[in-house]
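Ready for a few exercises on aromatic rings? Have a look at the structure, then try each task before reading its solution.

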Protein chains: 2
Amino acid sequence: MTQTTAAPNQITETTESASAQQNTANAGGKAKGKRRGAKPVVAKQLGGAIRQRNEERILRAAAEVFASAGYKGTSVQAIADKVELPKANILYYFKSKAGLYTAVLNDILEMWNQGFDERAIEREPADVIREYILAKMRYSRTRPQESKIFATEIIHGAPVIRDAIDLPMVGWTKQKASVIQAWVAQGKMRAIEPLYLLFMIWGTTQFYADFDSEITMIKGRALSDEEFSKAEDFVVETVLRGLALI
Amino acid sequence: MTQTTAAPNQITETTESASAQQNTANAGGKAKGKRRGAKPVVAKQLGGAIRQRNEERILRAAAEVFASAGYKGTSVQAIADKVELPKANILYYFKSKAGLYTAVLNDILEMWNQGFDERAIEREPADVIREYILAKMRYSRTRPQESKIFATEIIHGAPVIRDAIDLPMVGWTKQKASVIQAWVAQGKMRAIEPLYLLFMIWGTTQFYADFDSEITMIKGRALSDEEFSKAEDFVVETVLRGLALI
DNA sequence: ATAAAACACGACCAAGTGGTCAGGTTTTTG
DNA sequence: CAAAAACCTGACCACTTGGTCGTGTTTTAT
């Protein structure tokens, strides 16, 4: 549950359309120096309190719209409507739609390197894997929007985050895979290819976030907390049994 | 592997933007009568051979672009470029982008009701589930585009196919769930909630199609046929063990 | 208090979009 | 072979979109 790798991945904008792209958006809250016309002479440090607050509100609204409509399907106006600010104002904080999108993705990536415990290799596989599955399931439950944005990005080939996640992602995965591999070598679980186990966990847990509309369609309503909890149990137990861990 | 339900679901276009929408696109190949100006007096039956051929080519190209760029991200011009036909020509066959999209989705849905064998309930759970998983895995392998289009649709709340799949999907699912339920009742497998098993299978198998770019990123290349085959084995074995079926 | 920086926003624009249409050419039909 | 249907396509248009700009207002620092 605790972090393993500190991932300082920061997505830098890629010029995507024909328009001029000058500098990067201010993600998380750390505002950067900007020079347009002859406005600020000295680089400011953190942006006013107003900026802080508005950037947060905009980010939240943007995530909502991006999640439900996709990048292209999202108009800056739609975000503006949601935060109840004029469009020009949101472009004042984030110089471009692309910048806003990368800012949202940066926020998401920060939560993405959740991995195995640092001492995972010394612990019982069943415990580590159980915790990992539960963490992923809860993420799907509490942050479906972020999950959807991420999924859509990947499905479309990760045009925006590719460079930012490429190395870190490979690192995280290799690390997790090697832990699993070690367990196998120690005879603690049946011989499997670690990658396919990770895929199964990712695919299954993401499903609950990304396909919630399908689930709702099928059940006639969304999963209750109890049902979701049962689903968690099912996934954990099935995977552990599947690995001959229980 | 064989069909269980004959699903005559046909997506009917929903007016989506402000423009006038007259009639539905000609999917699969069955062309419909159309009346614009004073052209065709008698309803034609199947469309000329030229039409047949061009519709197929367009459909194929459209699927490619839709899969990689999403609905909104796809311009009719992009499809036109891919088939090397002028834009106006593709709009001649499919009256609208939305029509083309629904045509593509109709094609996809035709393959979607793959389910358990009709006599599944009398067969061994392990066999039926193994076959089902393999079928889904193979679909992911051979038709990743379709899988991606479908996934993106669902993630965004299925705005287009909702009405078309709502009932059938609920039906298919209920049917499969009841078979599983029966197995449980017969003590043939451990007591589980069927839905969560289906979700696990869907999520895992879809992952291989939708997240292939991530897989490629991690491995440095795409999965080879051998590796994919190992993945199939892993999924089958893990699920079957997970259900206490082997 | 006052200057400077930060914030707010209506009006505007260039580019790209889906879709139409008129008039042509080719194919099919009788 | 001629008429009708089917096919083809460049030109065009209405509309949406991301993004800019000028100017006005509020906040902050000195």
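## Aromatic pairs

Searching the whole structure turns up 29 aromatic pairs over all chains. Rings of Phe, Tyr and Trp (its six-membered ring) pair if their centres lie within 6.5 Å; planes under 30 degrees apart count as stacked, over 60 as edge-to-face and the rest as tilted. This is a predicted model, where local features need pLDDT of at least 70, side-chain atom pairs count only at pLDDT 80 or more, and totals for chains, interfaces and linings use all residues. Residues are numbered from 1 along each chain as its sequence is written, chains are lettered from A in the order in which they are written, and side-chain values use heavy atoms, without hydrogens and water.

**Exercise 1.** Classify the pair A:Phe207 and B:Trp202.

*Solution.* Start with the centres, which are 6.2 Å apart. Next, take the angle between the planes, 50°: the pair is tilted. Now locate the rings: A:Phe207 lies in helix H8 (residues 194-210) of chain A and B:Trp202 in helix H8 (residues 194-210) of chain B, so this pair joins two chains. (Helices are DSSP runs of H or I, at least four residues, numbered from the N terminus.) Finally, both A:Phe207 and B:Trp202 are buried, meaning under 20% relative accessible area with a 1.4 Å probe, protein chains only.

**Exercise 2.** Do the same for B:Phe66 and B:Tyr71.

*Solution.* The centres of B:Phe66 and B:Tyr71 are 5.9 Å apart and the planes sit at 20°, so the pair is stacked. B:Phe66 has 2% relative accessibility, so it's buried. B:Tyr71, at 17%, counts as buried too.

Technical notes:
Buried < 20%, exposed > 50% of the residue type's maximum accessible area, 1.4 Å probe, protein only.
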